[in-house]
Each structure stands twice: as structure tokens, then as C-alpha cells.
There are 2 protein chains.
Amino acid sequence: MADIRPVGWDDGEACVVVLDQTRLPGERTSVACRTVDELVDAIERLVVRGAPALGVAGAYGVALALVEASREGWDEQELNRSIDLVRDARPTAVNLARGVDLARAHVPAGLQAVLAEAHRIAADDEAANRELSRLGADWILARVERRPLTVLTHCNAGALATSAWGTALGLVRELHQRGVLASVFVDETRPLLQGSRLTAWELEQEGISYVVQADAAAASTIARGLVDVAVVGADRIARNGDAANKIGTLGVALACRDAGIPFVVAAPATTVDPGTAHGDEIPIELRSEDEVLSFAGARVTPVEARGFNPAFDVTPHRLVDAIVTEHAVVEPDGTDVVARLTGAASPRAPHS
Amino acid sequence: MADIRPVGWDDGEACVVVLDQTRLPGERTSVACRTVDELVDAIERLVVRGAPALGVAGAYGVALALVEASREGWDEQELNRSIDLVRDARPTAVNLARGVDLARAHVPAGLQAVLAEAHRIAADDEAANRELSRLGADWILARVERRPLTVLTHCNAGALATSAWGTALGLVRELHQRGVLASVFVDETRPLLQGSRLTAWELEQEGISYVVQADAAAASTIARGLVDVAVVGADRIARNGDAANKIGTLGVALACRDAGIPFVVAAPATTVDPGTAHGDEIPIELRSEDEVLSFAGARVTPVEARGFNPAFDVTPHRLVDAIVTEHAVVEPDGTDVVARLTGAASPRAPHS
């Protein structure tokens with residue numbers, strides 16, 4: 001199996017190293033972020049992306065801020081302002097702020113303590129992904145009769161979006177390893193093509209059969225009975241089970257409901273936000289209209305055109321058949337999902 | 001108002017002249033098709049496209065075949081084979097075959113009779129578009145309360161897709177002329193970007209306010225209450241009211257139904273096919289996977305990737321709130337819509 005790790009810490013150089021996802025699949029190169037500004041830029045440009053990966057990047061970002069503070073002689077205020085820049089680099093994924101906050105709590109104990117926390121977050125994320133993949137595969141195989149089965153996914157919730165292994169794509173890997181996966185429909189995921197570029201690249205590495213389609217094809221592919229289940233990641237899950245994910249996810253959920261096939265959200269417990277009551281409270285990042293108006297540097301619309309480019313949408317819990325974390329599979333019914341999804345309701349506490 | 005006519009006949013040169021829609025909006029150039037092969041190529045490459053425009057192009061194609069037959073000394077069999085090439089150049093829009101058949105019936109009477117029929121088809125199409133725009137606007141204004149109102153459209157059902165004026169976009173023009181239109185959300189329409197390139201260009205020429213979004217944004221734009229009504233064209237309407245249109249239309253319809261806003265199909269009566277009982281019988285054109293795998297000549301997926309590229313989808317009648325032709329607005333209920341939509345049920349016969 002291909003071992004893909006999108007974020008790491010380089011001890012020798014004391015910097016955050018990220019796999020440059022803007023260059024995939026053509027080129028596999030890494031970017032060394034030696035300053036907080038460089039890391040924030042990498043996060044904003046989606047050099048590193050995906051809610052769980054942003055959590056890890058955020059934690060390492062706190063370590064990077066400490067290194068830079070020591071090198072530049074920053075006072076505590078400047079350090080905190082710098083850490084806040086990382087925390088606020090993107091608004092929708094709750095994991096980023098959470099990773100930063102967890103690591104920041106260790107700042108008084110010094111760099112090694114912060115790094116240890118960041119490493120723990122990364123390791124926990126990978127373990128969570130592998131466990132939620134098992135739980136999710138069990139649920140799907142109990143629910144879907146066809147063997148082998150075909151999955152549709154939107155955007156990239158793979159190893160590239162996490163510390164390793166992946167959430168929605170981790171679940172796909174698990175189905176493949178169990179020998180029950182026929183193929184994957186990969187939505188290309190405009191405007192930045194995370195599906196065509198990143199999910200296709202991961203599946204190619206894994207030797208999993210797949211086909212890329214325009215996002216607009218998803219509804220009819222589902223309606224025509226070509227898909228047995230849709231599995232997507234999440235950037236934030238509200239208390240009532242509403243889930244934010246890449247723009248276009250709502251359309252997939254609507255098509256699944258209309259066709260009567262299950263729509264599954266797979267994410268680690270860190271994506272569940274007890275501070276968000278329902279989806280309307282999730283801040284939706286509006287990205288540059290140029291991402292929609294141009295392609296590969298060439299303008300496709302009339303020069304006067306304006307674009308509307310929300311990066312995420314919210315799928316209401318009523319359209320979600322199952323939310324899978326490493327703790328449980330919950331079929332949301334509008335009641336509070338936090339305790340079950342984060343393990344607080346079970347004897348096994350989170351991160352234990 | 002901008003007068004946009006995508007297909008015409010050049011009497012001096014005896015050729016079909018089409019506005020090259022693959023070059024818009026960057027460049028406004030025309031292509032002269034002097035042979036049937038050149039016209040078929042233009043149809044296949046979407047130099048000319050849109051169901052009603054294909055009907056007109058098909059009719060002129062018969063004239064072109066007659067000219068070429070006379071020049072090249074073809075026998076009747078060769079002439080008929082050539083006309084069939086035009087008829088079969090694209091499978092989904094019923095208008096193409098119908099335009100060819102109507103013109104072909106005049107072949108025994110000679111070139112001028114064929115041309116007169118083609119000119120009549122073009123003129124009737126424009127008149128139909130203007131009338132269906134009035135009827136559709138009346139229906140929408142009776143149904144939607146907000147003033148001014150915001151429309152969402154998918155693909156290009158404008159002047160470029162017809163002889164002139166447009167169907168869905170004709171209806172948008174009508175709302176604009178009545179002073180009740182706030183703005184238009186334009187789905188970019190992957191893979192060939194007819195929305196970003198063509199619909200945006202037409203609206204720009206018309207001075208109508210619009211914004212371009214990724215197709216995947218449509219569902220949440222609708223769910224968030226930013227849109228009052230969706231209006232799309234059609235490539236074929238079955239007897240029960242199922243409607244084929246550009247891939248992604250089904251997703252728009254699903255989002256409209258979920259949000260409780262009307263989904264309107266606007267097309268001339270020539271798009272209604274009495275020979276198709278329901279949507280499952282409509283042949284869906286599968287186009288080259290390269291359209292999905294590459295962009296502007298650059299590969300975006302891994303080189304090994306395969307693509308799935310259906311050009312159309314079918315929206316079942318249960319998701320269509322209204323079908324508008326020049327004869328009537330029908331709210332489909334699963335019963336036969338042909339008589340009402342084609343005027344056969346009214347004292348006013350088609351083309352009278």
C-alpha cells in the first residue's frame with residue numbers, strides 16, 4: 001500500500017514539510033515552511049488541505065511559531081498573534097483551530113512538548129482513520145447487498161487530506177482490502193479538481209479501479225443505479241449531525257436520497273464540533289472568484305464576469321444516512337450526535 | 001438588444017455558416033461549412049450546438065448535401081447517406097433529426113424548396129422562442145412572489161443554442177425586459193463550460209447582471225434561498241414529460257424540489273418527441289473522456305485515469321414543475337404532454 005503523509009515536521013531544519021498538493025498528480029514535490037507566513041500561505045493556497053491534515057498542520061504550526069519566535073526574539077504577544085494567523089488561515093474546518101488550540105496549551109512547557117502533542121495528534125488521526133474505516137465498512141456491508149459494490153466520492157478525503165490513510169478514501173481502501181470493492185466514481189471537484197488530481201492519484205497508487213466524472217454527472221450516475229453508496233469526508237459536523245464538506249456534497253446527498261442509496265459521512269471525532277449547534281452556524285469560506293472564472297491561468301468567462309465561489313456546503317442531517325467516526329456509526333435523527341461520535345458516551349474516552 | 005444568430009445559409013457561397021462557439025467568449029469568428037463532412041465535424045465538436053440550433057443546422061445540412069451532390073455528381077444513394085450523416089451527428093437532441101427530416105421531404109422539389117423549408121424552421125424557432133418566453137414569464141411571475149427575482153440556469157439555452165433569442169435564456173431576457181429580473185446564477189457547465197463561456201457572454205451582451213459558479217455550487221445556492229426559480233432548456237422531452245438536458249440538470253431539479261422552488265423546462269414544441277414514451281428511451285450521448293481528463297490541452301488527472309462523460313441527463317417529470325413551449329405551460333403529472341405542448345390540443349395548430 002502506498003504510504004502517503006501530507007504533513008510532517010523536519011527536526012533537523014526545524015520546519016513544517018508539506019507535500020505540495022497543488023502540483024499533484026504531475027509532480028510529487030514537498031514544500032518546507034520555515035516561517036508562520038509560509039505555512040499560512042501554504043494553507044491558504046491549498047498546498048496542504050483537508051480538515052484532519054489541517055489539524056496536524058495547525059499543531060505543527062504552533063511549533064513553527066515557537067521556533068520563529070526564538071529566532072526572531074518575539075515577545076509573547078507577537079507569538080500569540082502568529083499562532084492566531086495559523087488558526088484563522090481557513091475558517092470552515094474545525095480541525096485547524098482545534099489542532100492549534102491543543103498544541104498551544106503546551107507552549108508553556110516548550111517546543112518539545114508542543115511537538116510531542118503535534119505528533120500525538122497526527123498518530124491519533126491515523127489510528128482514528130483506520131478504525132473509522134473498519135466501522136464504516138461494516139455498516140456499508142450490512143446495508144448494501146451488491147457484491148462487489150461501487151462507491152461514489154466527492155473531493156479528496158484520502159491520505160492527502162489527513163495525517164495518513166484517509167477518511168472517506170480510507171473507507172474505500174478498507175472495502176478494497178476486504179475484496180468487496182468493484183470501482184469508484186470520482187467527482188472531479190471543481191473548481192480546484194481535488195477529485196481528478198488527488199483522489200485519482202491516490203486510487204491509482206493503490207491499484208483501485210476508478211473513473212473520473214464531472215461533478216454535474218454525479219446525480220445521474222446515482223439515479224441510473226451505477227452506484228451503491230456515496231462516501232464523503234467532512235470539514236465540520238454540527239451537534240445535530242449537519243455536516244459541512246466540499247461544495248457539491250449536498251448535491252450528492254440529494255441524489256442519493258432520491259435514488260434510495262446510502263449517503264455516508266466519514267470523519268474523525270476531531271471533526272465533530274460541540275460548539276456548533278447546527279449547520280447554519282458553520283462559517284462557509286468564500287474563495288477567490290478567479291478559481292471559477294479562469295482555468296490553468298486562462299480566462300474562460302468574459303473578462304467582465306463575476307464569480308461566486310463558496311468552498312463548502314452543508315448537508316442537513318436529514319439527508320445523511322450515517323456518520324462514521326472512530327467511535328461509532330451514528331444514523332442522525334436530529335438529536336445530539338456529539339457524545340456518540342466522540343466516544344464520550346462509551347467507556348472508551350477519546351484519545352485513550 | 002444583441003442580435004445573435006448562430007446558424008445561417010450563405011447564398012453566394014452556397015454553404016452553411018456557423019458562429020464558432022468553441023472560441024467564445026474570447027473570439028467571435030464564423031466557420032463556413034462547404035461540405036457535409038465539415039458540417040458534421042462542426043456539429044460533433046460543438047462549434048454549433050443546442051437542440052433548436054441543431055434543428056436549423058440539420059435543415060441547412062440537407063441543402064448543403066444537395067449542393068455537394070450536384071457539384072460532386074453524387075447519386076441518390078450517396079446523397080441520402082450524406083444526409084444521414086448529418087442526421088446522426090449527435091443522438092440526444094430530437095430537433096436535429098427532425099430538422100433533417102423536414103428539409104429532406106423537400107429534396108424532390110429541389111434546392112430552393114429545401115432552403116425555404118430551412119429558413120421557415122429557423123423563423124418558426126425564433127417566433128416559438130419569443131412566445132414561450134412570454135408564456136414562461138407569465139407562469140413564473142404568477143408562481144414566484146419575490147421582486148425582483150433571481151434565476152438559476154444550467155448550460156446555455158440562449159440565442160446561441162437556437163435560431164435566435166433563446167429558450168431558457170429567452171425567458172430570462174423576457175423577465176429582464178419586464179424589469180423584474182435581479183440577477184442570474186450561471187452554472188459553469190463542465191466539462192465544456194457552456195455556462196461560463198456562452199451564457200455569460202450572452203448575458204454580458206444583454207447587460208443582465210449575473211454571476212458564474214461551479215456546477216457543484218448550484219445545490220447549496222438553491223438551498224440557501226439565493227434563487228427563486230431555475231430555468232433550463234431541453235434536448236428532448238418524452239411523452240410523459242421526462243426531459244433530457246445537459247448533464248447536471250437533474251441535480252438542479254433535485255435541489256429545487258428539496259428547497260421548494262420551481263424548476264422550469266423551456267423549449268420549443270420541436271423538442272417534444274411523441275416517439276419517446278419516457279426518459280429511459282432517450283439515447284444519452286457519451287462524449288470523449290478527454291473532455292473530463294484534460295483541460296485546455298493539459299492533462300489534469302493521472303495519465304492512467306479513465307473518464308466517464310455522459311453529455312446529458314434525464315430529469316423525471318415528477319421533478320419538473322412546468323414545461324413551457326410556445327403553445328402552453330404544462331405542469332406534468334405523468335400523463336401524455338404531447339398534445340398540449342405541441343398545440344395539437346388547441347385550435348392553434350403548430351406552425352400556423
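User: What does buried area stand for between two chains, and how much is there between chain A and chain B?

Analyst: Buried area is the accessible area that two parts lose on being put together, summed over both. The size of an interface is often given this way. In this predicted model, the area buried between chain A and chain B is about 3,600 Å². Carbon and sulfur atoms give 69% of that area. The contact takes 47 residues from chain A and 47 residues from chain B.

User: How many salt bridges cross the interface of chain A and chain B?

Analyst: The rule finds four. One of them pairs B:Arg318 with A:Asp258, with the closest N and O atoms 2.8 Å apart. On the side of chain A that touches chain B, the elements giving two or more residues include H7, H8 and H9.

User: Where does helix H9 of chain A lie?

Analyst: H9 (residues 249–259) lies across S9 and S14 of chain A. The helix runs at about 30° to S14(A).

User: Which strands of the sheet S8-S9-S14 in chain A stand at the edges?

Analyst: Strands of a sheet pair through backbone hydrogen bonds, either parallel or antiparallel. Here the sheet is open and the pairing is antiparallel. S8 (236–237) and S14 (312–315) of chain A each have a single partner strand, so one side of each lacks a neighbour in the sheet. Two bridges join S8(A) to S9(A), with A:Ile237 opposite A:Ala243.

User: Which residues of strand S1 in chain A form the covered face?

Analyst: In a regular strand the side chains alternate between the two faces of the sheet. In S1(A), A:Val7 and A:Trp9 make up the covered face, A:Gly8 and A:Asp10 the uncovered one. S1(A) also forms a hairpin with S2(A), and A:Asp10 has A:Cys15 as its bridge partner there.

Notes:
Residues numbered from 1 in each chain as written. Chains lettered and ligands numbered in written order. Predicted model: local features only at pLDDT ≥ 70, side-chain atom pairs only at ≥ 80, totals over all residues. Heavy atoms only, no water. Pairing = 2+ DSSP bridges. Helix = DSSP H or I, 4+ residues; strand = E, 2+ residues; numbered from the N terminus. Contact = heavy atoms within 4.5 Å. Axes fitted to C-alpha atoms, helices over the stretch in contact; angles between N-to-C directions. Buried < 20%, exposed > 50% of the residue type's maximum accessible area, 1.4 Å probe, protein only. Buried area = accessible area lost by both parts, 1.4 Å probe. Salt bridge = Lys/Arg side-chain N within 4 Å of Asp/Glu carboxyl O.
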